[in-house]
Amino acid sequence: MRESQTAAVVAHPLPRPSTLGFVTRLVTQLVTPKAMLDIDAIERAAYEIMFRAAIDIPDDYRKGVEAMIAREEGMLSAFVLEAMLENWQAASEDRRPMCADSGLPRFFVKVGNDALGALAAAGGFIALEEALRRATARATHDIPLRPNRVHPLSRKDNNNNVGVGAPEIDYSFEPGADWIDITTVHKGGLFGTDYRMLFPGDGIDGIKRFFLDVLLAFGKRGLACQPAIVGIGIGGSKDTCMVLGKQAACLRPVGSRHPDPEVASLEDELRELGNRTGLGAMGFEGSATVVDCMIEIGYTHTGGMPVSMHCFCLSSRRATARVAADGGISYRTDPQWFTPYLRREGIAWAGAEVGAAANEMTIANDGAAVDRTTGTADGRVVDETTGATAGESATEPRARARSRAASGSGR
Amino acid sequence: MGERAQKLKQVRLTTPVDEAALGALEIGQVVYLDGLIYTAREGVYTRYLEAGARPPIDFTRLTNVNFHCAPAASIGADGRYNVGAVTATASFRFAKYLGRWFAETGTRVVIGKGGMAAEHYRTLFVPRGAVYLTTVGYGTGALLGRAIRGVEAVNWLDELGIAQAMWILRVEGFGPLLVESDLEGRSLFEEMNARIAKRVEGLYAGLIKEPALRRYGESGDKTEEVI
């Protein structure tokens, strides 16, 4: 029934031979934006990615695990990973979920700034959120997923993964885009996640220590379902620190690197360190623990260095749909969540020149303080993370700032 | 089957698993099961042991294999069960129920994720002649789901919901599973942890001794476990 309704909606704006049809279309286009991006398309897309996420392991993760099997010397650990390859194949062949703990299904929605008119005409964010909740309930029943979501105290289960605050929907926005990206992530959540408030004096060593602590705590017996995509959030406030790490684990493909070279090199370093713990799959002797390490950062309190860590498991389930302005839907496994816009660092503002001058003074006095946002003479702001004019000169002072943090001098 | 699996000893067991078959199991062997198994997690234990309820089907006559699991399943309008994938959940949380559970149900095989603390094998499993099989991965939900031939019954579905109800499943070639603990209470995970513990000190060499701000209850001994 839903499909026939959908067909009617989609058929509506097609060219019609009659003059009356032409006038109708013209009026429709004038009164409402070119709203072919309808709510049924959004619900169809959300329903489909629930299936894809639950059933088909993303290629980037599978290839990462295949590379680990080739290197793995622990026989039991290698046996486990070979069984996982068979499992993913069985899941895709049978169209059944790869894992019965189908996690806590949730959504990440990126709305193009130029899609707002079309979305508003289709019912806006309220209609979108209802569509995502309907898709969750239908897909839970039809795939089927395990209805994991329960009331935290009464343990009431609606048997559809929908409830208070469930599924979560996170938003981000993209300039100059007329599409809506919907990503679903199905991640378990009982083990492998932790948070710690570190301080600048703890330095990079403190981050490594925390990283090893969490890997050993949850890697034994394979509670973290490793080898995992380890996501680490550094900075922000406590809540955003958790969100950054979670999104790093769930929304970046294996092999991607943060554009900030200092962050990227720490990603490499932690991945190598994590694979030297002696733990393999299921906590058996071996080396397969970290398929890849993803770090996201946010500016934080001058006195603190909060860190969070998250392990996305042997069933790293994510899938993305792009609903285009014309209603077309395309699918992929890379959410493309962390865009230069999302990682933006500066802002053009009236006092930029004053700010820049103050920075120069600080640098002259201290030799170590760094502000990554640089005002230019015409008031534009150069954002290093976008690479617009990021020079090698910027890396050097940052390295000094890092060694300063590591040596424990306070701020 | 991957090439490394060929080097491990493989065993086929039929449920209810008899004494001779249990006695022949050694840690690290690969096991496949045929017959009936039942699922039980928090909801089942509390309802049975604490609320004193008895399920409508006497599962203790059918099988002695307890699977710590909640399936990814749904029930159609016609009442048919659709079981897609099954994987185990972490078992250590259920230790407090297992002493009485073994005594009242005659369960001899526990299938789960991650095993139990070593002392629980010695105090709960060995006296009752029970072994622990761990699922692989985790988790091989699609492979285990494929091995389900039918749903014999679902106990307490209304009371506990799909995820917590007791599912009685008929399986064929259900695996791979690994023998984590045998009748003597030896533990594969314990042996692995002991080997890995030798490397832990070196792993932390050169790093700061402890963070600026400590936490209550924190252990500095990384050879310890958190379960």
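At 32% relative accessibility, A:Tyr341 counts as partly exposed, because buried means under 20% and exposed over 50%. The model behind this value is predicted. A:Tyr341 sits in a loop of chain A, between strand 9 (329-332) and helix 11 (352-366). A:Tyr341 also helps to form a nonpolar surface patch, together with A:Leu116, A:Phe125 and A:Phe173. The area of that patch is about 330 Å².

**Where the chains meet**

Next comes the contact between chain A and chain B. Chain A brings 64 residues to the contact, and chain B brings 76 residues. The two chains bury about 5,900 Å² between them. Carbon and sulfur atoms carry 60% of that area. On the chain A side, A:Phe79, A:Arg209 and A:Arg221 supply 15% of the area buried against chain B. No other three residues supply more.

Polar pairing also links the two chains. There are 33 residue pairs in polar contact between chain A and chain B, counting pairs with both residues at pLDDT 80 or more. The count of salt bridges between chain A and chain B is seven. In one salt bridge, the side chain of B:Arg146 meets that of A:Asp94 at 2.8 Å, N to O.

Which elements of chain A supply at least two residues each to the side that touches chain B? They are helix 5 (75-94), helix 7 (124-142), strand 4 (194-198) and helix 8 (203-219). Helix 5 of chain A gives the largest share of that side, with 14 residues.

**Salt bridges across the structure**

Side chains of opposite charge can pair when their charged atoms come close. Over all chains, a search of the whole structure finds 43 salt bridges. The table lists some of them.

| Side-chain pair | Distance, N to O |
|---|---|
| B:Arg146 and A:Asp94 | 2.8 Å |
| A:Arg252 and A:Glu267 | 2.9 Å |
| B:Glu191 and B:Arg186 | 3.4 Å |
| B:Arg122 and B:Glu190 | 3.6 Å |

Start with chain A. The side chains of A:Arg252 and A:Glu267 meet in a salt bridge. A:Arg252 lies in the loop between helix 9 (238-251) and helix 10 (261-274) of chain A, and A:Glu267 lies in helix 10, so the pair ties together parts 15 residues apart in sequence. Are these two residues buried or exposed? A:Arg252 counts as buried, at 4% relative accessibility. A:Glu267 is buried too, with a relative accessible area of 0%.

A network of salt bridges takes in both residues of this pair. Also linked in the network are A:Arg257, A:Asp268, A:Arg271, A:Glu272, A:Asp292, A:Glu296 and A:Arg343.

Now chain B. The side chains of B:Arg122 and B:Glu190 meet in a salt bridge at 3.6 Å, N to O. B:Arg122 lies in helix 4 (residues 118-128) of chain B and B:Glu190 in helix 7 (residues 188-203), so the pair ties together parts 68 residues apart in sequence. B:Arg122 counts as partly exposed, at 47% relative accessibility. B:Glu190 is partly exposed, with a relative accessible area of 32%.

A further chain B pair joins B:Glu191 to B:Arg186 through a salt bridge of their side chains. B:Glu191 is partly exposed, with a relative accessible area of 32%. B:Arg186 is partly exposed, at 37%.

Note on methods. Residues are numbered from 1 along each chain as its sequence is written. Chains are lettered from A and ligands numbered from 1 in the order in which they are written. This is a predicted model: local features need pLDDT of at least 70, side-chain atom pairs count only at pLDDT 80 or more; totals for chains, interfaces and linings use all residues. Side-chain values use heavy atoms; hydrogens and water are left out. Patches are made of residues with over 30% relative accessible area and no salt bridge: like charges are joined within 9 Å, nonpolar side chains (Val, Leu, Ile, Met, Phe, Trp, Tyr) within 5 Å. Accessible areas come from the Shrake-Rupley method with a 1.4 Å probe; for residues, only the protein chains shown count as cover. A salt bridge is a side-chain nitrogen of Lys or Arg within 4 Å of a carboxyl oxygen of Asp or Glu. Helices (H or I, at least four residues) and strands (E, at least two) are DSSP runs, numbered from the N terminus. Buried means under 20% relative accessible area, exposed over 50%, partly exposed in between (1.4 Å probe, protein chains only). Contact means heavy atoms within 4.5 Å. Buried area is the accessible area (1.4 Å probe) that two parts lose on being put together, summed over both. A polar contact is a pair of N or O atoms within 3.5 Å; within protein, one must be able to donate a hydrogen and the other to accept it, and residues adjacent in sequence count only if both atoms are side-chain atoms.
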